[in-house]
Amino acid sequence: MQRMLAGELYRADDAEIQAAQAATREWLVRYNAALGMTPAQRHALLVERLGAAGEGSEIRPPFHCDYGFNVHLGRGVFLNFDCVILDVVRVEIGDGTQIGPAVQIYTADHPRDPSQRREGWEFGKPVRIGRNVWIGGGAIVLPGVTIGDDALIGAGSVVTRDVPAGATVAGNPARIVSKDAAVR
């Protein structure tokens, strides 16, 4: 588990990793059955499993993640239905960020060497999403990406590299279409 959390090569069949995933699956069953609960009740469930869940942060079920404890939400963060976070290492989402439905955030990665992949090795790269970011529905954020404060990510975009603060990106791969989102 320590190798995984450090972003080093690890094997997902490690007993400690498997136990953590099993605990998260049990939590996800409870969380994803909580759609009818109030946001405050769902927030209490988030606090049980996530690394941090700032005041007023909300994730609408269904939600999917690997571990949960590597997900850190700031205050007032909103994730809409069907979001996926593969959190083998830390995912930080800043205050006031809004994430559309079916967005996927990946930290899990695989070696480029095919022999290492055959042997089951994996590694992770952290994802950092700044404050007041808006990520449109169906976007995918790849491992190791940092998205700056006030950025906008167009719906369906595949974010393969860092996004500067205030930029608007769209497409596959996502490219800058505007560098001053605050003016829009």
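Student: Where does D150 lie in this predicted model, and what is unusual about the phi of D150?

Tutor: In this predicted model, D150 is placed in the loop between β16 (146-147) and β17. As a general idea, most residues other than glycine have a negative phi, and most peptide bonds are trans. D150 is not a glycine, and yet it has a positive phi of about 65°. Its relative accessibility is 37%, so D150 counts as partly exposed.

Student: Which other residue has a positive phi although it is not a glycine, and where is that residue placed?

Tutor: D82 has a positive phi of about 70° and, again, is not a glycine. The loop that holds D82 runs between β6 (78-79) and β7 (83-86). With 39% relative accessibility, D82 counts as partly exposed.

Student: Which residues does a cis peptide bond join, and in which loops should I look?

Tutor: The general expectation is that most peptide bonds are trans. One cis bond joins P61 and P62, with omega about 5°, and P62 is found in the loop between β3 and β4 (63-65). Another cis bond joins N172 and P173, where omega is about -5°, and P173 sits in the loop between β19 and β20.

Student: What is the strand order of the open sheet of 7 strands, and which strands are at its edges?

Tutor: In general, the strands of a sheet pair through backbone hydrogen bonds, either parallel or antiparallel. Here the open sheet of 7 strands follows the order β3-β6-β9-β14-β17-β19-β20, and its pairing is mixed. The edge strands are β3 (58-59) and β20 (175-178), each of which pairs on one side only. For a particular pairing, take β17 (residues 152-153) and β19 (residues 168-170), which pair in the parallel sense over 2 bridges; there, I153 stands opposite V169 in β19.

Student: Which strands does β12 pair with, and are those pairings parallel or antiparallel?

Tutor: Strand β1 (residues 10-11) is joined by 2 bridges to strand β12 (residues 121-124), and these two run antiparallel. Within that pairing, R11 has W121 in β12 as its bridge partner. Strand β11 (residues 108-109) also pairs with β12 in the antiparallel sense, over 2 bridges, and here the bridge partner of A108 in β12 is G124.

Student: How many aromatic pairs does a search of the whole structure find, and how should I read the geometry of W27 and Y31?

Tutor: The search finds 2 aromatic pairs. To read a pair, look at the distance between ring centres together with the angle between the planes, where planes under 30 degrees apart count as stacked and those over 60 as edge-to-face, with the rest called tilted. W27 and Y31 form a stacked pair, at 5.2 Å centre to centre and with 20° between the planes. Because they are 4 residues apart in helix α2, W27 and Y31 are separated by about one helical turn, and both are buried. The rings of Y67 and F69 have centres 5.6 Å apart and planes at 40°, so that pair is tilted. Y67, at 1% relative accessibility, counts as buried, whereas F69, at 26%, counts as partly exposed.

Student: Is T24 buried or exposed, and which residues does T24 touch beyond its sequence neighbours?

Tutor: T24 lies in helix α2 (residues 15-32) and is buried, with a relative accessible area of 0%. Not counting residues up to four places away in sequence, T24 touches R49, C65, D66, Y67 and G68.

Student: How many residues does the largest nonpolar core have, and which element gives the most to this core?

Tutor: The largest nonpolar core has 37 residues, and those with the most contacts inside it are W27, F63, L79, I93, I105, I135 and I147. Among the elements that each supply at least two residues of this core are α2, α3 (39-49), β5 (71-73) and β8 (91-93), and α2 gives the most, with 3 residues. To follow a single member, consider I93, which, leaving aside neighbours within four places in sequence, is in contact with H72, L73, G74, V77, I85, I99, I105 and I129. There is also a second, separate core of 8 residues, which includes M1, Y10, I17 and A20.

Conventions
Residues numbered from 1 in each chain as written. Predicted model: local features only at pLDDT ≥ 70, side-chain atom pairs only at ≥ 80, totals over all residues. Heavy atoms only, no water. Pairing = 2+ DSSP bridges. Buried < 20%, exposed > 50% of the residue type's maximum accessible area, 1.4 Å probe, protein only. Contact = heavy atoms within 4.5 Å. Phe/Tyr/Trp six-rings, centres within 6.5 Å; stacked < 30°, edge-to-face > 60°. Core = buried A, V, L, I, M, F, W, Y, C linked by side-chain atoms within 4.5 Å.
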